[in-house]
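Hello,

Here is the structure for you to look at. My notes on it follow below.

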Amino acid sequence: MLSGSLLFKQFREKEVGTITLYLQYIVNGLTLGAIYSLIALGYTMVYGILKFINFAHGDILMVGAFIGLIIYNALTGGEAADPGAWTILAFFISMLASMGFCAILGMAIERIAYKPLRNANRLAPLLSAIGVSFILSNGAAWIFGTQSRRFPYPFENEPIHIGAITITPHQIVIIVVSVVMMVLLTSFVSKTRMGKAMRAASLDQSTSMLMGINVNRVISLTFAIGSALAAVGGILAAFDFRVYPSMGTMTGLKAFVAAVIGGIGNIQGAMIGGILLGILEAVGAPLLHIPNGMRDTVAFAVLILVLLVKPEGILGKNEREKV
Amino acid sequence: MRKAIALVLVAFVCLAGVVAGGSSEGSSGDTYKIGFIGPLTGDNANYGIRCSNAARLAVDEINAAGGIDGKMLELIAEDSEGTVDKALASYEKLAYMDEVCAIIGPVFTSPALAVAQRCQEDGIVMISPSATHKDVTAQPATNPDGLNYVFRTVPSDALQSEVAGHYFYEVLGYRKLASLYAMNDYSQGLALGMKETFEALGGEVVAEETCMVGDKDFRTQLTQIKAAAPEAIYIPNYTVEDAQILEQASQLGVNVRFLSSDGFSDPEIYNLAPDFTDGVIYVGPAQAEASTILTDFQAAYAAAYNGDAPDSFATNSYDATYIIAAALDRAESADTKLVRDEVAATKDFQGANGTMNFAANGDLVASQGVYEVEGITPVYVGSFQVVDGHIVQVD
Amino acid sequence: MLNFFQLILIYAGIYAIMAIGQNCITGYTGMLSLCHAGFFCIGSYATAIICKVCGLSFWLSIPVAAIVAGLVGLVIGIPTLRLKGDYLCIATLGLGEIIRNVATNLNPVGFNSIPRATLFGYQFASRNKLSFIILIWAFVLVFYVLFQQLAHSRLGRAMIAVREDEVAAQSNGINVTKYKISSFVLGAAVGGIAGCLQTAYTLTVQPGSYTFMVSVMVLCTVVLGGMGNAKAVILGAFIIQFISYLPQLTGLTNVIPAQAKQIIYGLLLVVMMLCRPQGILGRDKFRYGDPRTRTEKLRDFFARGKKKEMGGEA
């Protein structure tokens, strides 16, 4: 009897331990997922309107992170600065400046490398995007060097313990900023005139043009918003990933996978896909009892599974092909 | 369409002409050419760039002092991008176009394995400053004379992990360790080697977690390790990964000591994770006690490269260059076989990393140093060797 | 100098074989696949395992590599090939990453000191490049002839029909899925063979060499040369490899910044897509009945942006 209850107690403890362990994984995954979501938004918006994968999106993220870092360091003196009101303000200033820069960069890239290809075959803009991605990442490596740089925390980053779960302020900031950005974007797309024009253009470009929508402007705006979000994603990712010229490649690829899982072309889908992928990466390997080195395999296997079961993604609409 | 092809062909011919014109000057007789192969681009380029900088510094110093019997040294650095095929192409270029008398590099293990085969076959001396995998010096000598042409100025990971395992068990007194390593030749070799030694001594590796090179999020692994409650965590990875691991561990409240390997000697770590390096103990190259070569080198390196600090691999590369220069000086010829004989005959070479000798297979024979980081400065604990299954402090 | 040209010929030959495989998938059947690095990896590992672990002949590894790569292509192809356009691209991208990730996790060091290939007592040593050039370009020639024949066969015509219009092809009684899968498997098998040849030359296999970038490079090779044209992709392979080794070839490695060639790739791709999206030797889709000269077309092309044009295919 006694040994039985002891056994039960041990079992309970073990179970509680496992549950907190998984809660911790999920908290970690949420941070990762929030970053993926932000970046996935850019992919999904461009795909929604132009039906092409903007492979340079990940590199815009990298440029955003570099610009943000440079401005932040110039304003505060970098690592030496003590976190305070000024550093937080400087952080937001550098984020806004970086968003502006990346918006312009995104529009410029669209104008130069994609716009002339709008009526070419599907491969052409894709390869042009790969070319732009090469230029951006290697240009950055040329200018800044290949070493990683640290983005100093603009605020005190002492871990917060909630029960057995630990979370740091920077993780909270990442999640909060992502959510704010997504809410802003959703309300922009659903409430404003320009947002309406965007939705119209993604449904049918020719018809919306006939309705008096300036499709070129809508596309430019899409790139601007997507790139600005990438800049935010880049700066937030910089806390966790550091800043280096190839930071956008794998992050961009994963974010893109997130966009597809959620249903490419769908803004809510990108958010859900991002969060899902982030949690999956954190939980997948321990759940399946495989080495953590295989987490990319888990992520991509889920991608293929989703594509097989529901190719249009979780929230995607099943579009009938017109003959 | 024909025009396009013609244009391409003309471009080829023109470039070939330029090349032919450019390469004819290379065969002048008053320089010794030394090749360098390492990653100068790519994510881990910082290791390659530092090694090539150090070799260049050594070459410049030797030339400034009058060269070798009046002949100047010339260093030709080639980019391997850290991949096998690019490293082989670099080798081909150095061996056949420049006809170098020795090669420093490749920096990473996999390219080093590929290039070592070719060096053994063609009979060109190769000294790697940083390829730690035990197989690098295990390549069969396929040249007609059956001589070994592959050397390294970095200890084999078998040696380093043996010292590490003994030090952790015997000196630090740990019995339960965890390891978190990247799936690459360097980190895996060290982690498995350490585990073998440590478990043979009676210790236990309670958690063994892996990641991929380039991973940025280690929270899952660290959470798993935390649940296994080890006394210390061994992280034999490259700087970028180690910096992330240290920072995320601190954020997750993993408050145990971290142990690392010579990859940690890259001072980059103190830029990336300055707040989290305190207390890390790592095994690296031994230091000569009463010699100023190392401090002189570090000062010269900082002066030459904008205050950048060299890591232990760069120091190895610097030593390798001086070993080759000394061999050239004794051989008085650029003949690859004579150079090899003199490199192999290197005895008690006094370098920045202390006294160096080569074993018959080209491996470095040296003690291992142990460092403990205080704040952001590594403090030298001493140099150690494993003798008769027990660790002995040498000095 | 000459030696280095020989090396470029070897690498160009290997890329040409890969590009012929990719061309079968992308050029003939019009499927955008991004996992040739994966098939390349499978081929390399097949040779490494057969020659090193099993101690068997290199020549045996070629059919094995082709079969294994083809089988992987088949297993992945059957479910994913019913996906359309970009979704297929994403699925194959995932496959390529999975293959590399699994290979890395199984053994991050890979294989080295792989025994050399021998033929009638002659040993293919990496030093004697001429024999490798003959070996590899013999394969290129064989595949070139095979795929030229294929393009004009019933199978090839069916593939091209699928590329041009799937629905129309289906309504003409072509089994679209069957031809898509055969094309994918064929391309995969050829990619596997390229891996064998690469291993025979480098004698080292390392999972880090099979990144996403390799797949992209192969795709670029095909597009640069001209899709659907075997001659063109061989030219593309030569150009890509030539640029790749340009700094070393010119002996200017210490002068040209290391990133320069990647930036050249990027510029080349963008300019190429803007001016000649069908590739150097590609067939101009709109040439028939278009009286404009190329310069006029180019001008119209850029002028078009200024006009209020009708949007793309929504």
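The largest nonpolar core has 289 residues, and M126(B), I17(C) and I193(C) touch the most other members. A nonpolar core here is a set of buried Ala, Val, Leu, Ile, Met, Phe, Trp, Tyr and Cys residues joined through C-beta atoms within 7 Å. A residue is buried if 20 or more other C-beta atoms lie within 10 Å of its own, exposed if 12 or fewer, and partly exposed in between, with C-beta atoms placed from the backbone. Apart from that core lies another, of 51 residues, including L190(B) and F258(B).

This is a predicted model: local features need pLDDT of at least 70, side-chain atom pairs count only at pLDDT 80 or more, and totals for chains, interfaces and linings use all residues. Residues are numbered from 1 along each chain as its sequence is written, with chains lettered from A and ligands numbered from 1 in the order in which they are written.

Now helix 6 of chain C, residues 154-164 (helices are DSSP runs of H or I, at least four residues, numbered from the N terminus). Its buried residues are G156(C), A158(C), M159(C), V162(C) and R163(C). They sit on the same side of helix 6 of chain C, because they cover an arc of only 160° around the axis (taken from the directions from the helix axis to the C-beta atoms). R154(C) and E164(C), on the other side, are exposed. Helix 1 (2-28) and helix 8 (176-202) of chain C are among what covers the buried residues.

Best wishes

Notes. Helix = DSSP H or I, 4+ residues; strand = E, 2+ residues; numbered from the N terminus. Contact = placed C-beta atoms within 7 Å.
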